[in-house]
Amino acid sequence: MKQISKGDPPKVFSDWVAKEKPRSWDDLHTSKSKPVYEGLVVALRAEQGNLCCYCEQELHDGKTHVEHFHGRPNPKLAYDYGNLHASCNGDKSKCEDKHCCGHRRAEKQKESYGKLVSPLDGDVELRFKYDEKGEMQPTKQDDGIAQSTIDILGLNCEKLKRLRQKTFLDIQYQKPTMTDTDFVEWIRRRLEKNSDDHFSEFWTVVDFFFGSRATL
Ligand SMILES: [Zn+2]
């Protein structure tokens, strides 16, 4: 899970909230409020370098879910920009076992309160590690919240494990083709945003094995 730095809400969203005083999240899903919702999604995706707030897969148009980290039972939380992140749709149809991220969490909403590491936490990236088969684990064995985060969000579903393993192996394969200096530089650039302002998928996997958390 990659850390997210929250910025200010997009003007289209804050202006609409101030004017309309919405009472529930559904108020943002009318045909009239569609541009506001779309403006919100664009802002959240940009803030996250276009990665899902939980699994770090790329986000795609029309397949992004607005995730309320602390739920949305009251309008204050529903429209608190600091509580909103962009999550993938969990790819329900394509994932071999259980889908992941925001939609999976929604099914476990009650049991998830207080049991998730937030992508806003300063130490979020350090609380998880990976093995070479792509499995995500708590960095500290006794970190029960990190373990429940993985379980509740389905972050070790077969699809995510396979894609993380592929990310690791692709880089491992490239490594001998470069000098150590060139490799370090290549990884440094890979961990920066690209020309579209997007981060590459599974950013923390790359950083863990080959970047700041690797012993090169
Ligand atoms: Zn996701």
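**Exercise 1. In this predicted model, find where aspartate 197 sits, and work out whether it is buried or exposed.**

Solution. Start with the location: Aspartate 197 lies in the loop that runs between α8 (180-190) and α9. Next, look at the backbone. Aspartate 197 isn't a glycine, yet its phi is positive, about 70 degrees. Finally, count neighbours: there are 10 other C-beta atoms within 10 Å of aspartate 197, and a residue with 12 or fewer counts as exposed, so this one is exposed.

**Exercise 2. Do the count for glutamate 56, too: buried or exposed?**

Solution. Glutamate 56 belongs to the loop between α2 and β1 (64-68). Its phi is positive, near 70 degrees, and glutamate 56 is not a glycine either. Now the count: glutamate 56 has 26 C-beta neighbours inside 10 Å, and the cut-off for buried is 20 or more, so glutamate 56 is buried.

**Exercise 3. Look at α1 (11-20) and say which of its residues are buried and how they are arranged around the helix.**

Solution. Step one is to pick out the buried residues of α1, which are Phe13, Trp16 and Val17. Step two is to look down the axis of α1: these residues fall within an arc of 100 degrees, so they line one face of the helix. Step three is to check the other side of α1, where Lys11, Ala18 and Lys19 are exposed. As for what covers the buried residues of α1, the cover includes α2. One last detail: lysine 21 follows α1 and has a positive phi, near 45 degrees.

**Exercise 4. Describe how α1 and α2 cross, and name the residues that make the contact.**

Solution. Two packed helices are described by the angle between their axes and the distance between the axes. For α1 and α2, the axes come within 8 Å and cross at roughly 135 degrees. That angle makes α1 oblique to α2. The handedness of this crossing is left-handed. On the α1 side, the contact is made by Val12, Phe13 and Trp16, and on the α2 side by Pro35, Val36, Gly39 and Leu40.

**Exercise 5. Now treat α7 and α9 in the same spirit: what are the angle and the handedness of their crossing?**

Solution. The axes of α7 and α9 come within 10 Å, with a crossing angle of roughly 45 degrees. α7 and α9 are therefore oblique to each other. α7 passes α9 in a right-handed crossing. To see who meets whom, pick out Arg164, Thr167, Phe168 and Ile171 in α7; they meet Val205, Val206, Phe209 and Phe210 in α9.

**Exercise 6. Place tyrosine 130 in the fold and list what it touches, skipping residues up to four places away in sequence.**

Solution. Tyrosine 130 is in strand β3. With 21 other C-beta atoms within 10 Å, tyrosine 130 is buried. Skipping those sequence neighbours, tyrosine 130 touches Glu135, Met136, Arg164, Val205 and Phe208. Take Val205 from that list: valine 205 is 75 residues from tyrosine 130 along the chain, but their C-alpha atoms are separated by 6.8 Å.

**Exercise 7. Which residues of α6 are buried, and what do they pack against?**

Solution. The buried residues in α6 are Ala146, Thr149, Ile150 and Leu153. They cover an arc of only 95 degrees around the axis, which puts them on the same side of α6. Their packing partners are α4 (101-107), β3 and β4 (136-138). Just after α6 comes glycine 154, with a positive phi of about 65 degrees.

**Exercise 8. In the largest nonpolar core, which residues touch the most other members, and which element gives the most residues?**

Solution. In soluble globular proteins, nonpolar side chains tend to be buried together. Here the largest nonpolar core has 43 residues, and Cys52, Tyr54, Cys55 and Leu155 touch the most other members. Elements that each supply at least two residues include α1, α2, α6, α7 and α9. α9 gives the most, with six residues. To finish, zoom in on tyrosine 54: leaving aside neighbours within four places in sequence, tyrosine 54 is in contact with Met1, Ser87, Cys101, Leu153 and Leu155.

Key
Residues are numbered from 1 along each chain as its sequence is written. This is a predicted model: local features need pLDDT of at least 70, side-chain atom pairs count only at pLDDT 80 or more; totals for chains, interfaces and linings use all residues. A nonpolar core is a set of buried Ala, Val, Leu, Ile, Met, Phe, Trp, Tyr and Cys residues joined through C-beta atoms within 7 Å. Helices (H or I, at least four residues) and strands (E, at least two) are DSSP runs, numbered from the N terminus. Two residues are in contact if their C-beta atoms, placed from the backbone, lie within 7 Å. The arc is that of the directions from the helix axis to the C-beta atoms. Axes are lines fitted to C-alpha atoms, for helices over the stretch in contact, and angles run from 0 to 180 degrees between N-to-C directions. Angles under 35 degrees count as roughly parallel, over 145 as roughly antiparallel, 65 to 115 as roughly perpendicular and the rest as oblique. A crossing is left-handed if the near helix is turned anticlockwise from the far one by less than a right angle, and right-handed if clockwise.
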